[in-house]
Amino acid sequence: MSVSPASVSDEPLTPAGRLFLSPELDTIIHCIIRGKDPINIDAVKPTIESSLMLQHPRFCSLLMRDRNGNQYWKRTEVDIDRHVIVINGRIETEDDSGAGEEDDDEAAVNQYVADLSVSTPLSTDKPLWEIHLLMAHRCAVFRIHHALGDGISLMSLLMTCCRKIDDPEGLPNLLTKRDSGPKEGKWWDRLCSVLMMVCFTFVFVLEFLLRATWVSDRKTVISGGAGVELWPRKLATAKLLIHDMKEVKKAVHNAVSWIVFDWRKMSTS
């Protein structure tokens with residue numbers, strides 16, 4: 001099965017795309033989706049073929065390089081069978097402690113993704129994405145190169161492939177509508193907000209320049225060394241209740257996504 005390319009011109013790489021494709025980074029996003037029911041492969045492939053994902057130019061383009069070394073995207077045909085990788089057998093974990101089936105599945109999937117992240121780069125002879133179906137664990141692993149998009153846009157694209165349980169034709173909505181009307185306030189309040197934004201921006205830029213020029217990151221228990229990109233990796237899973245996240249959101253008046261980002265940043269600093 002394949003999807004034919006549209007007759008469009010080649011698209012140059014964005015600066016962010018060149019950064020994520022650099023050998024020093026080569027950043028690949030891994031997204032794990034687990035289900036309660038067995039995976040129906042015969043239904044998965046046609047759904048992917050007809051999805052909005054394959055109408056996006058980045059998901060049906062090859063990474064090319066011209067004679068001057070400039071990289072660009074070139075539209076191509078997408079062979080679904082090369083992108084959907086089916087793993088039928090169970091994944092054996094290194095630490096078999098006799099835990100429950102759900103914990104065993106979680107440990108097996110974590111180990112599988114950890115091995116993928118260090119040993120299996122995405123092939124450049126096809127568009128830079130894959131979907132691994134772990135049939136025995138009722139799990140799908142999306143591997144998407146960060147050069148194709150940022151986290152928010154990719155999650156939005158992924159949600160277009162999903163439907164509501166109570167409405168099979170309805171798209172899921174993660175965000176509630178906010179009042180976009182003009183906010184009332186005196187002119188000096190708005191002026192103070194602008195001045196604070198300028199001051200904080202100056203401080204953050206100055207801190208970044210000083211840290212990048214003279215100050216090095218402090219050593220922690222997770223600091224790497226020479227050849228750290230080749231070290232074995234282990235994936236850990238943290239479970240957070242959405243109710244608790246909403247309580248934190250109310251207390252700090254911030255979005256849930258930024259709360260999770262700050263929590264992850266503090267846990268690794």
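A polar contact here is a pair of N or O atoms within 3.5 Å, where, within protein, one atom must be able to donate a hydrogen and the other to accept it. With that in hand, H132 is a handy place to start in this predicted model. The side chain of H132 makes such a contact with the side chain of Y112, at 2.7 Å. Another polar contact, this one of 2.8 Å, ties the side chain of H132 to that of E130. H132 sits in strand β8, and because its relative accessibility is 4%, under the 20% cut-off, H132 counts as buried. Leaving out residues up to four places away in sequence, the neighbours that H132 touches are I85, Y112, L116, C139, A140, V141 and R143.

Stepping back, the protein is built from eight helices and nine strands. It has 269 residues, of which 25% count as buried. Among contacts with a separation of 6 or more, 66% link residues 24 or more positions apart. The accessible surface adds up to about 19500 Å², with 59% of that belonging to carbon and sulfur atoms.

Now for the inside. The largest nonpolar core holds 27 residues, and I48, F59 and W129 have the most contacts within it. Strands β8 (129–134) and β9 (139–145), along with helix α5 (151–159), each put at least two residues into this core. A second core, separate from that one, has nine residues, including I91, V109, V113 and L134. As for F59, its contacts beyond four places in sequence are with M53, L54, V78, P127, W129, I144, L148, L154 and L157.

Two of those partners, L154 and L157, lead straight to α5, where L154, L157, L158 and M159 are buried. The buried residues of α5 pack against β3 and β9. In an α-helix there are 3.6 residues a turn, so residues three or four places apart point the same way. At the start of α5, a side-chain oxygen of D150 comes to within 2.8 Å of the backbone nitrogen of S153.

L157 also turns up alongside H56: the two are 101 residues apart in sequence, yet their C-alpha atoms are 9.1 Å apart in space. H56 belongs to the loop between α2 (41–49) and β4 (61–65). With a relative accessible area of 30%, H56 is partly exposed, because that value falls between the 20% and 50% cut-offs. A polar atom of the H56 side chain lies 3.1 Å from the backbone nitrogen of R58.

Another loop residue, S22, is found between α1 (15–21) and β3 (28–34). S22 counts as buried because its relative accessibility is 17%, which is under 20%. Its side chain reaches back to the backbone oxygen of L19, at 2.7 Å.

Finally, the outside. M196, F200, F202, V203, F204, L206, L210, W214 and V215 make up a nonpolar surface patch of about 990 Å². One of these residues, V203, is found in helix α6, which covers residues 187–213. V203 has a relative accessible area of 44%, so it counts as partly exposed.

Definitions and conventions:
Residues numbered from 1 in each chain as written. Predicted model: local features only at pLDDT ≥ 70, side-chain atom pairs only at ≥ 80, totals over all residues. Heavy atoms only, no water. Helix = DSSP H or I, 4+ residues; strand = E, 2+ residues; numbered from the N terminus. Buried < 20%, exposed > 50% of the residue type's maximum accessible area, 1.4 Å probe, protein only. Patch = residues over 30% accessible without salt bridge, like charges linked within 9 Å, V, L, I, M, F, W, Y side chains within 5 Å. Areas by Shrake-Rupley, 256 points an atom, 1.4 Å probe, with all protein chains shown as cover. Salt bridge = Lys/Arg side-chain N within 4 Å of Asp/Glu carboxyl O. Core = buried A, V, L, I, M, F, W, Y, C linked by side-chain atoms within 4.5 Å. Contact = heavy atoms within 4.5 Å.
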